[in-house]
Amino acid sequence: MPRDKGAGSSRKRYVALLRGINLGGHNRVSMPDLRALFASLGAEDVETYVQSGNVIFKSADGPGKLTETIEKRIRRDLGLSVTVLLRTRAQLAKVLAGNPYANGGKASTKLHVTFLAAKPEIARVRELDPERAEPDEFQVVGQEIYLHCPNGYGRSKLTNAYFEKQLGVAATTRNWKTVTKLAELVSA
């Protein structure tokens, strides 16, 4: 991430979603350290949301280069191998608008979004078992999977590991409250 101060107007706002940060004592990262790492890469207006690896920032670089650079620096500086998924303000707005469970009378506390590193192959999506974790439900839309877990995500079999194995792409999941807050923060 170059430090070209003259490119401020061409800087895009992103949310970096780090997979598996601060879960059950694994991959411990302090949020001040994470903000400092992003700032050292030339990111601007860096802020974090909750302890699970959500970073909001501005950069002139494109998502492919950013993802690679951030993952390398986390590995080098923090000694962690972490998958990073990026979303723009427009992409998060689309996620909010596209949730098929949000307006169906389902409790927002039971809604989650699994973010995918790439759009999965259609053939692999068709092979997913819709009855795998009933009463939990899911819908794959582009690079996201919308989840409704009436008994809670912690009890669901619709995990990152399941979707990664079945779809062949990296994944990380956030609850609906976090998704809506991230969309708000990246739009500020």
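**Exercise 1.** What covers the buried residues of helix 2?

*Solution.* The structure is a predicted model, in which local features need pLDDT of at least 70, side-chain atom pairs count only at pLDDT 80 or more, and totals for chains, interfaces and linings use all residues. Residues are numbered from 1 along each chain as its sequence is written, and side-chain values use heavy atoms, leaving out hydrogens and water.

Step 1. Fix the terms. Helices (H or I, at least four residues) and strands (E, at least two) are DSSP runs, numbered from the N terminus. Buried means under 20% relative accessible area, exposed over 50%, and partly exposed in between (1.4 Å probe, protein chains only). Contact means heavy atoms within 4.5 Å.

Step 2. List the buried residues of helix 2: Leu66, Thr67, Ile70, Glu71, Arg73 and Ile74. Seen down the helix axis, they fall within an arc of 165° (taken from the directions from the axis to the C-beta atoms), so they line one face of helix 2.

Step 3. Name the cover. It includes strand 1 (12–18), helix 1 (31–40), strand 3 (54–59) and strand 4 (84–88).

Step 4. Look at the other side. The face of helix 2 turned away from its buried side carries the exposed residues Gly64 and Arg76.

**Exercise 2.** Compare the expected span of helix 2 with the distance between its end C-alpha atoms.

*Solution.* Step 1. The expected span is 1.5 Å times one less than the number of residues.

Step 2. Helix 2 has 16 residues (63–78), so it should span 22 Å; the end C-alpha atoms are 21 Å apart, which agrees.

Step 3. After helix 2 comes Gly79, with a positive phi near 70°.

**Exercise 3.** Which elements give two or more residues to the largest nonpolar core?

*Solution.* Step 1. A nonpolar core is a set of buried Ala, Val, Leu, Ile, Met, Phe, Trp, Tyr and Cys residues joined through side-chain atoms within 4.5 Å.

Step 2. The largest such core has 20 residues, and Ile70 and Ile74 are among those with the most contacts inside it.

Step 3. The elements are strand 1, helix 1, strand 3, helix 2 and strand 4. Helix 1 gives the largest share, 4 residues.

Step 4. Set aside the other core. Apart from the largest one lies a core of 18 residues, including Val15 and Ala183.

**Exercise 4.** Describe the place of strand 5 in its sheet.

*Solution.* Step 1. Two strands pair if DSSP finds at least two bridges between them. The open sheet has 4 strands in the order 6-7-5-8, with antiparallel pairing. Its edge strands are strand 6 (137–141) and strand 8 (171–175), each pairing on one side only.

Step 2. Count the bridges. Strand 5 (residues 111–116) pairs with strand 8 over 5 bridges, and 5 bridges join strand 5 to strand 7.

Step 3. Match residues across the pairs. Phe115 stands opposite Thr172 in strand 8, Val113 opposite Arg174 in strand 8, and His112 opposite Leu147 in strand 7.

Step 4. Check both faces. In a regular strand the side chains alternate between the two faces of the sheet. Leu111, Val113 and Phe115 are buried on one side of strand 5, and His112, Thr114 and Leu116 on the other. With 6 of its 6 residues buried, strand 5 is therefore largely enclosed by the rest of the structure.
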